[in-house]
Amino acid sequence: MKSLVIVESPAKAKTIAKYLGKDYTVKASVGHVMDLPKSKLGVDIENNFEPKYIQIKGKGPVVKELKAAAKKADRILLATDPDREGEAIAFHVAEVLAGSAKATEFYRVLFNEITKKAILLAIEHPGKIDINKVDAQQARRVLDRLVGYQISPILWKKVRRGLSAGRVQSVALRLICEREEEIKAFVPEEFWSLTALLEGKLPPQFEAKLLKKDEEKLKVKNNDEVQKILADLKGATYTVTKVEKKERRRNPVPPFTTSKLQQEGGRKLGFTSKRTMGIAQSLYEGVDIGKEGTVGLITYMRTDSTRVGKEAQDEAREFIAGKYGKDYVPEKPPVYASAKSAQEAHEAVRPTSVLREPDAIKQYLEPDQYKLYKLIWNRFVASQMNPAIIDQTSVDVKAVGYTFRATGSIVKFPGFMAVYMEEKSEDQAPSEEENGEAVLPPLSEGEVLNLVKLDPKQHFTQPPPRFSEALLVKTLEEKGIGRPSTYAAIISTIQERDYVNKVENKFRPTELGVLVNDLLVSHFPVILDVAFTAKMEEELDKIEEGQMPWVEAVREFYKPFSESLEKAQAEMKDFKAELVPTDISCEKCGKPMVVKWGRNGQFLACSGYPDCKTTKPFVRNENGVVEAAPEETTDEKCPKCGSPMMIKRGRFGKFLACSRYPECKYTQGMSTGVLCPEDGGKLVERRSRFGKMFYSCANYPECKFAIWNKPLTRPCPKCGAPFLVEKYSKKTGVTIGCMKKECDYKEEPAPEAVSQSAEGKGQS
């Protein structure tokens, strides 16, 4: 019997084909084959929100190939990903092939890892398409279309073209904007700490922090208070009143879910969520690792579950006993609690075999694949190990009613910590255990100590941290907004729309982002409500579980939304038409300048437009009054007329322009600080007509030297070439190497540089 297996991606098809015999043909749908039309809403609001799916433009050849293969197959197995999106793809593929397939029935094949054993087992036990999952995906698609295609045109009309709104995207923007408001409104409070450096009968000296006065917790607010305490302590006797030793157990963290993988990928590796998920996809779909051939190295990476299959647990326990010793293996395999919404048929993100140690297969992996695989492998192995045992000592020292406390801890048994430690989130306070890594001398109750010195320090309370990608993902998950599988796309969109910028790896809303957020929150308060968005996610879960019809959920959403939509169309302020007058006069025609909104935000424009087209950037002074932005001069001279060059900002960022513009219209890209190897001129940034960055000699057209990769101000340490270059590709990420192709010198970039450079390349 001839069988046709259909998956989403060609890479996945290639891996699976190696496991199946000659009676199986494996084809890829290359993602969705059907979707809502791009040119119109595609949802019949009056007829139970019926979606109008069409074949995706450009999918003709793929569909034709699938139909041809279906005509020859006795059985069709739909092996798309085991989630809502995969179920919807399977459903639409079945619809497309139904009229032309030789087979009359379509079977659904589910597996969480692409290994020979998992594939063959899944094919032996095929099932049916889960229509509840299809309905849940359809409900999400319709909801997102209703919001995106009905709010975005209002923003185009009132603010500028190209803007967008989204059911989850706009709530994520709201969180970033509200955090910025919290930071602006934050008033730091002064407080002081007082640390005593003490010594007992035996070394070493140790520090103890002031904690209480007369058994009440003490908060020292200012210098006057700390000086009073210092006066009280003058000549005081410091006596040990309590020595408490505790054995603490620190438990391992669960294996990765999608969200935790994105968070740790950001904190430990400097990867964006998008980059983490792209690399994880390649590890899941299969990598050629030599004698074993192509094999999926990790389980499915879109999961909310922390469950681990028995076979994987047994293999891990045997491996841990052999490598680390039996003391590291728990009596029973650990079980971790998953989120309420987690599908327990899924497993956590883990290596498909713990026996494939990262360093053993490093030679077959790209650098970023190795880093992420090692992270997943380490976390999984640690999750199956015994807790760490830590001896913690706490010492209370009293002096005239004041209590100082010293804490120290020693790792008695490392347990899982021998393999992996989770990074702390930016919004997590350090634990007492982490504050007390000091080594304390032997001390006993009643022992009198010598005071070496008292060290008072001034501090100020800190505002809540801005969101990094990891912290934003964590917050979205905690609040039940969207699904971890969508976070990478959401974060990319709010950056691409220029709603937020990344500064030092933290999100800050732009002026445009704040404006759009204010408009959406004031005109769509229900839809932008965090609790409402989380409730919609719960209803999508109910649809998947067969507890709620999808039309009912959409109708419940659409009623308040349609009311807000109607009011917004009539009442939303028209920023496009608004011209804010200023006291600044146009330097060319003398007419007053006005503040306008354009595609890159607000700017100053002459009120005499279109007769006078003068524009310039502006700043607001401390009183909020608009002033013309001071022009940035440089030491460079215009090669045409010799006038100073100015730094200007255009569509693609900063560039240099002659200060005598418009008399002299010479412009060039920003200098890289690297000299051209051919004629010694400066290498400058330029854009191709398609908007892609490249670097060429400032003496063009006399010198035509140009490169695509960013030059760095360092010579090659191996061959002495004039400079190194920073390369970027979606497959390998950021790498640094020699400018000469024949030289194989390479080095690892810093994580911060990797993150920032990859982000910049992704948006160029």
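The largest nonpolar core of this predicted model has 62 residues, and those with the most contacts inside it are Phe 49, Ile 151, Leu 155, Tyr 499, Phe 524 and Phe 561. A nonpolar core is here a set of buried Ala, Val, Leu, Ile, Met, Phe, Trp, Tyr and Cys residues joined through side-chain atoms within 4.5 Å, where buried means under 20% relative accessible area, exposed means over 50%, and partly exposed is in between, with a 1.4 Å probe and protein chains only. The elements that give two or more residues to this core are α5 (131–158), α6 (169–185), α14 (469–478), α15 (484–496), α16 (511–523), α17 (530–544) and α18 (550–571). In these names, helices (H or I, at least four residues) and strands (E, at least two) are DSSP runs, numbered from the N terminus. Apart from this core lies another, of 61 residues, among them Phe 271, Ala 280, Leu 297 and Tyr 373.

Tyr 499 shows how such a core residue is surrounded. Leaving aside neighbours within four places in sequence, Tyr 499 is in contact (heavy atoms within 4.5 Å) with residues including Leu 155, Leu 163, Leu 173, Ile 494, Pro 509 and Val 516, and also with Ser 164, Gln 169 and Arg 508.

Residues are numbered from 1 along each chain as its sequence is written. Because the model is predicted, local features need pLDDT of at least 70 and side-chain atom pairs count only at pLDDT 80 or more, whereas totals for chains, interfaces and linings use all residues, and side-chain values use heavy atoms, with hydrogens and water left out.

Two of the helices that contribute to the core, α17 and α18, pack at an angle of about 165 degrees with their axes 9 Å apart; the axes are lines fitted to C-alpha atoms over the stretch in contact, and angles run from 0 to 180 degrees between N-to-C directions. The two helices are therefore roughly antiparallel to each other, since angles over 145 degrees count in that way, those under 35 as roughly parallel, 65 to 115 as roughly perpendicular and the rest as oblique. The contact is made by Phe 532, Lys 535, Met 536, Glu 539 and Ile 543 of α17 and by Trp 550, Ala 553, Glu 556 and Phe 557 of α18. An α-helix has 3.6 residues a turn, so residues three or four places apart point the same way.

Helix α14 is largely enclosed by the rest of the structure, because eight of its 10 residues are buried. The buried residues of α14 include Leu 471, Leu 472 and Val 473, but also Glu 469 and Lys 474. After α14 comes Gly 480, whose phi is positive, near 70 degrees.

Strand β15 (residues 388–399) is likewise described as largely enclosed by the rest of the structure, because 10 of its 12 residues are buried. Strand β12 (residues 238–250) pairs with β15 in the antiparallel sense over 11 bridges, and β15 also pairs with strand β16 (residues 402–413) in the antiparallel sense over 11 bridges; two strands pair if DSSP finds at least two bridges between them. Glu 244 has Ser 394 in β15 as its bridge partner, while Lys 398 stands opposite Thr 403 in β16. In the hairpin of β15 and β16, which has two residues between the strands, Val 400 takes a positive phi near 40 degrees.

An open sheet of four strands has the order β20-β21-β22-β23, with antiparallel pairing. Its edge strands are β20 (580–585) and β23 (615–616), each of which pairs on one side only. Strands β21 (residues 592–598) and β22 (residues 601–606) pair over six bridges, and Met 593 has Cys 606 in β22 as its bridge partner.

Some loops hold backbone features that deserve a look. Asn 48 and Phe 49 lie in the loop between β4 (43–44) and β5 (50–51). Asn 48 counts as partly exposed, at 43% relative accessibility, whereas Phe 49 is buried, with a relative accessible area of 4%. The table lists the phi and omega angles.

| Residue or bond | Feature | Angle |
|---|---|---|
| Asn 48 | positive phi | about 55 degrees |
| Phe 49 | positive phi | about 55 degrees |
| Pro 203 to Pro 204 | cis peptide bond, omega | about 5 degrees |
| Tyr 700 to Pro 701 | cis peptide bond, omega | near 10 degrees |

Pro 204 lies in the loop between β9 (190–199) and β10 (206–213), and Pro 701 in the loop between β32 (693–697) and β33 (706–707).

For the chain as a whole, the secondary structure comes to 19 helices and 37 strands, and 49% of the 764 residues count as buried.
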